[in-house]
Amino acid sequence: MKVRYLKHGEDLDMNPSIATIGFFDGVHLGHQFLLNKLADMAQQSDLEATVITFDRHPRQVLQSDYQPKMLSTLDEKLTKLQQTRVDNVVVIHFDKNFAQLSARIFMEMVLKNQLNVKKLIMGYDNRFGHNRSETFEDYVAYGQEIGMEVMQSSALTLGDVNVSSSVVRRLVERGDMEAAQKCLGTPYIIKGKVVNGFQNGRKLGFPTANIEVDSSEKLLPPAGVYAVKVVLENGETTYGGMLDIGTRPTFNGKNQTIEVNIFDFEGDLYGSLLSVSFVKRLRDDVKFDSIEALIAQLHEDKTQVISILNAINNN
């Protein structure tokens, strides 16, 4: 898969392709369903399969006060797209110039002239262009005017829900990591660097790595205790662990931290990069009446986490 970056007015000298366009946050199963269809149609049409996406959420350009909460960073998105069957990913530098383009002009100037798109397949709920006011029928009409076939994909439905990025965000926001994983196809992850913490966990017999997430735009699950899997930077070993998101209420903390107790690991992690996969939420982050009560609960949490992870490993 080739990744190309497009700025306003550039020409990337692309081969003829069938393309789809969208933000693809999370590259969930709904996206993968669309991309598989894209790859199949590209093969049948003797065209290359091209995904067109953006380097930032369009609302960040259109609304100065918008604070995105993303399922994936750009690097994470590209990594997941790399695992699909598409030939190219074009990352558009979305700025005010692009934001002002109408759908009709965007299709002719960018898709046809700059990216050599012969066919366009739309997601079932996708819109683009200034004000996003056009319908799918409008896109079809524009395509006929400029010589581009425009088609629409159906949604992927799990149960009675159409899988979408907004659905996955709602699941993560309420801590339903198992349902989020079913929609994503993989566990929800966060990545970050290990930084100095308060070392309360070490004093309790549960040493933790304090994680500073690598992107302020990354959506975090709600405060609570989670069963997780942890991989160190450039490492091949996956460790089990229990992670706490919260303010350390038993110690009267005020600022939110992310701390993970990694099972069966010894060594200095400061400055290391970790990738944490969420498996299941155990409980809320609560204040205990005493340190002893907290320690007792941590032992119960660890027993429960080990049981959860063993069940997964044995399946």
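Strand β9 (residues 189-195) and strand β10 (residues 209-213) run antiparallel and are joined by 4 bridges; strands count as paired if DSSP finds at least two bridges between them. Within this pair, Lys193 stands opposite Glu212 in β10. The model is predicted: local features need pLDDT of at least 70, side-chain atom pairs count only at pLDDT 80 or more, and totals for chains, interfaces and linings use all residues. Residues are numbered from 1 along each chain as its sequence is written, and side-chain values use heavy atoms, without hydrogens and water.

Both strands belong to a closed barrel of 6 strands in the order β9-β10-β13-β12-β11-β14, with antiparallel pairing. From one strand to the next, the twist averages 45°. Strands (E, at least two residues) and helices (H or I, at least four) are DSSP runs numbered from the N terminus.

Helix α10 lies across three strands of the barrel, listed here.

| Element | Residues |
|---|---|
| α10 | residues 291-314 |
| β11 | residues 224-232 |
| β12 | residues 238-246 |
| β14 | residues 273-283 |

The helix runs at about 105° to β14; axes are lines fitted to C-alpha atoms, for helices over the stretch in contact, with angles from 0 to 180 degrees between N-to-C directions. Contact means heavy atoms within 4.5 Å.

The largest cavity (points on a 1 Å grid over the protein atoms alone where a 1.4 Å probe fits but cannot get out; lining residues have an atom within 4 Å of a point) is lined by 23 residues. Leu204, Asp244, Glu259, Leu294 and Leu298 lie nearest its centre. Elements giving two or more residues to this lining are α9 (200-204), β12, β13 (257-262) and α10.

How values were computed:
On a 1 Å grid over the protein atoms alone, a cavity is a set of points where a 1.4 Å probe fits but cannot get out, and a pocket is an open set with protein on both sides within 12 Å along at least five of seven lines; lining residues have an atom within 4 Å of a point.
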